[in-house]
Amino acid sequence: MDMKAHVNWHAIARAVRPETRLLIDGKFRHAASGATLASVNPATGEHIADIACGGADDVDLAANVAAKRFRDGVWSKMPLRQRVGILTRFAELIGEHRETLAVLDTLEMGKPVSEMCTIDIPASILTMRFMAEGLDKIGGTCPVTNGNALHYILRQPLGVVGCITPWNYPLMMAVWKVAPALAAGNSVVLKPAEDASLSALMLGRLFLEAGGPDGVFNVVPGLGSVAGKALALSHDVAKIAFTGSTAVGRQMYRYAADSNLKAVSAELGGKSPQIILGDVDNLAKVAATVADGLFGNQGEVCSAGTRILVARQLEEEFTELLRQEALARYRPGDPLDPATTMGPLVSKTHQQRVIGHIATALDEGARCILGGLSDQSSEISAFVEPTLFAGVDNGMSIARNEVFGPVGAVIAHDGPEHAVALANDNPYGLAAGIWTTNLGAAHRAARDLECGMVWINGYMNGDMSQPWSGWKLSGHGRDKCLDALVDSTHSKSVWVTLE
Ligand code: NAD
């Protein structure tokens with residue numbers, strides 16, 4: 001998105017009047033109980049809005065309406081080109097309202113507006129377009145069979161898909177879930193995270209504006225333990241598409257077992273390694289990329305490369321380069337200033353959680369060489385300085401647990417095989433990066449790393465063709481690629497006797 005200096009983000013933020021009510025059956029309405037959730041700006045502590053807080057009855061109504069719409073075929077049986085046209089217009093409208101959407105996420109969760117412009121908004125538009133264009137690229141098959149029969153396999157929408165999303169990329173995560181579900185012909189109920197729901201409600205409005213039928217895409221903000229749970233337990237819901245923590249992801253499978261055995265896809269947490277082998281020559285350039293993979297989006301990234309596994313002979317030099325890159329590139333500041341590269345964490349509660357992880361690392365003897373506890377004093381805002389620990393053992397808490405903040409751990413390794421063994425010695429398995437000039441070592445590592453995504457001599461490159469997926473405790477969903485569309489359908493086998 002164009003980042004011209006004339007965009008006055010503070011003025012847009014002052015002028016924005018977000019929709020705060022639930023979207024059910026094409027109408028915005030208050031929660032049945034009248035309850036609201038306060039949305040707070042984590043950079044300033046200021047109150048942004050009171051958002052309707054959906055309860056179980058609101059979720060049940062939304063799921064029931066969505067199921068009725070699915071059965072009456074208003075979307076699931078809509079002529080294909082018409083559905084493509086609506087989703088394409090939906091993508092255009094996200095682009096036309098990009099500044100408002102950017103400001104909503106920045107205000108609610110503290111992400112720098114520059115990141116909204118370069119990552120979240122373009123990715124959301126691209127995802128919606130890709131799924132619209134892709135919906136007729138997946139299909140059934142007609143296998144070869146005995147001459148007296150015809151066997152064809154239909155690929156059909158599931159029914160109602162319940163999407164439950166986190167706050168770290170509020171708009172983009174919602175689109176990653178909603179776009180394939182809608183494109184495949186399902187109805188949707190979206191339950192966004194309680195810390196950042198406004199862009200999801202606006203997304204619902206834009207779907208209607210694009211010509212989407214009432215009740216096909218419903219948005220019900222609310223508490224996870226109430227609204228999220230009700231959605232995951234609903235008998236009207238055929239699949240839960242979840243992104244969030246591993247702890248809550250586990251719950252999704254339990255809810256499915258306790259209700260209608262709905263399908264579950266879960267994209268969960270991570271503790272991803274970035275491996276630097278001893279043959280790397282351009283260490284300064286590598287350090288800059290590693291810093292971005294660690295501190296981008298305040299470290300509130302599932303695939304953040306938080307374990308820096310560096311060859312022992314380079315440990316001292318590389319750690320210092322990484323510290324300098326972090327200092328030069330990541331200074332916390334006003335997220336509405338386009339020059340800012342690091343905003344506050346999403347909330348005071350999350351800030352305290354991250355500070356707790358830093359305190360534990362210090363207690364366990366990790367050496368803090370950047371940030372730490374000294375600068376985290378603001379009583380209003382939720383900032384945490386970029387923090388780096390050196391001389392970390394892979395068994396320490398800071399190397400094992402997901403922090404979900406700007407905190408990295410440098411761990412020495414004794415060669416490629418040791419590095420891969422350390423990388424795999426962790427319950428998570430989302431992503432990994434490896435830097436080397438040795439082609440064989442790079443590809444062997446890519447083969448042997450226990451994770452869903454590997455980057456060689458880079459970190460976080462991606463496009464729509466990429467299955468965004470994890471392994472082990474990072475879950476087993478697949479976002480973005482055509483697989484996400486396929487996973488929003490089921491196959492049905494039809495036999496025709498020809499005699
Ligand atoms: P979270 O698990 O606390 O919440 C995620 C969603 O689940 C929210 O909408 C929340 O309201 C809901 N929820 C919470 N408790 C629930 C319950 N008992 N029943 C039903 N729903 C419930 O996660 P978060 O703090 O919002 O997000 C951070 C986590 O998300 C991190 O672990 C991060 O790694 C993960 N994440 C993963 C990916 C990925 O693609 N793998 C992407 C982004 C974030």
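In this predicted model, the largest pocket has a lining of 40 residues, and those nearest its centre are Pro166, Trp167, Gly244, Ser245 and Val248. The space inside the largest pocket comes to about 920 Å³. Several elements chip in at least two lining residues each, namely α8 (224-233), β9 (239-243), α9 (246-258) and α12 (348-363). Of the contributors to this lining, α9 has the largest share, with seven residues. Sorted by class, the lining of the largest pocket is a mix of 17 nonpolar, 15 polar and eight charged residues. Both domains take part here: domain 1 (9-268 + 475-493) and domain 2 (273-463) each put at least three residues into the lining of the largest pocket.

That brings up the domains themselves. The protein splits into domain 1, which covers 9-268 + 475-493, and domain 2, which covers 273-463. Taken over C-alpha atoms, the centres of domain 1 and domain 2 sit 31 Å apart. The two domains do touch, with 26 residues of domain 1 in contact with 28 residues of domain 2.

Next comes the second largest pocket, with a volume of about 750 Å³. Its lining is made up of 35 residues, and Glu115, Ile119, Tyr169, Met172 and Met460 are the ones nearest the centre. Two or more lining residues come from each of α5 (113-134), α6 and α10 (283-295). The largest share in this pocket belongs to α5, which supplies eight residues. By class, the lining of the second largest pocket breaks down into 16 nonpolar, 14 polar and five charged residues. Where does the second largest pocket lie with respect to domain 1 and domain 2? Both domains give residues to its lining, so the second largest pocket lies between them.

Helix α6, already met in the lining of the second largest pocket, also packs against a neighbour. The axes of α6 (residues 170-183) and α7 (residues 198-209) come within 9 Å and cross at roughly 40 degrees. The crossing of α6 past α7 is right-handed. On the α6 side, the residues that meet α7 are Pro170, Leu171, Ala174, Val175 and Leu182, and their partners in α7 are Ser199, Leu203 and Phe207. Sorted by class, this contact holds seven nonpolar residues and one polar residue, with no charged residues.

Besides the pockets, there are four cavities of 30 Å³ or more in the structure. The largest cavity contains about 100 Å³ of space. It is lined by 14 residues, and Lys239, Ala241, Ser265, Asp479 and Ala484 are the closest to its centre. The elements giving two or more residues to this lining are α6 and β9. Helix α6 turns up again as the biggest giver, with four residues in the lining of the largest cavity. That lining divides into six nonpolar, three polar and five charged residues.

The second largest cavity comes in at about 80 Å³. Around it are 15 lining residues, with Pro273, Ala423, Tyr428, Gly429 and Glu450 nearest the centre. Two or more residues of this lining come from each of β11 (272-276), α14 (416-424), β16 (428-429) and β17 (431-435). By class, the lining of the second largest cavity has eight nonpolar, three polar and four charged residues.

One of the residues nearest the centre of the second largest cavity, Tyr428, is also a contact of Glu402. The home of Glu402 is the loop between α13 (397-400) and β15 (407-413). Which residues does Glu402 touch, leaving aside those up to four places away in sequence? Along with Tyr428, the list has Gly269, Gly270, Lys271, Cys302 and His357. As for Leu449, it is 47 residues from Glu402 in sequence, and the two are 18 Å apart in space, C-alpha to C-alpha.

Technical notes:
Residues numbered from 1 in each chain as written. Predicted model: local features only at pLDDT ≥ 70, side-chain atom pairs only at ≥ 80, totals over all residues. Heavy atoms only, no water. Axes fitted to C-alpha atoms, helices over the stretch in contact; angles between N-to-C directions. Left-handed = near helix turned anticlockwise from the far one by under 90°. Contact = heavy atoms within 4.5 Å. Nonpolar A, V, L, I, M, F, W, Y, C, P; charged D, E, K, R; others polar. 1 Å grid on protein atoms, 1.4 Å probe; cavity = no way out; pocket = protein on both sides within 12 Å on 5 of 7 lines; lining within 4 Å. Points joined across faces, edges and corners; volume = space filled by probe spheres on them. Domains from an automatic or database assignment.
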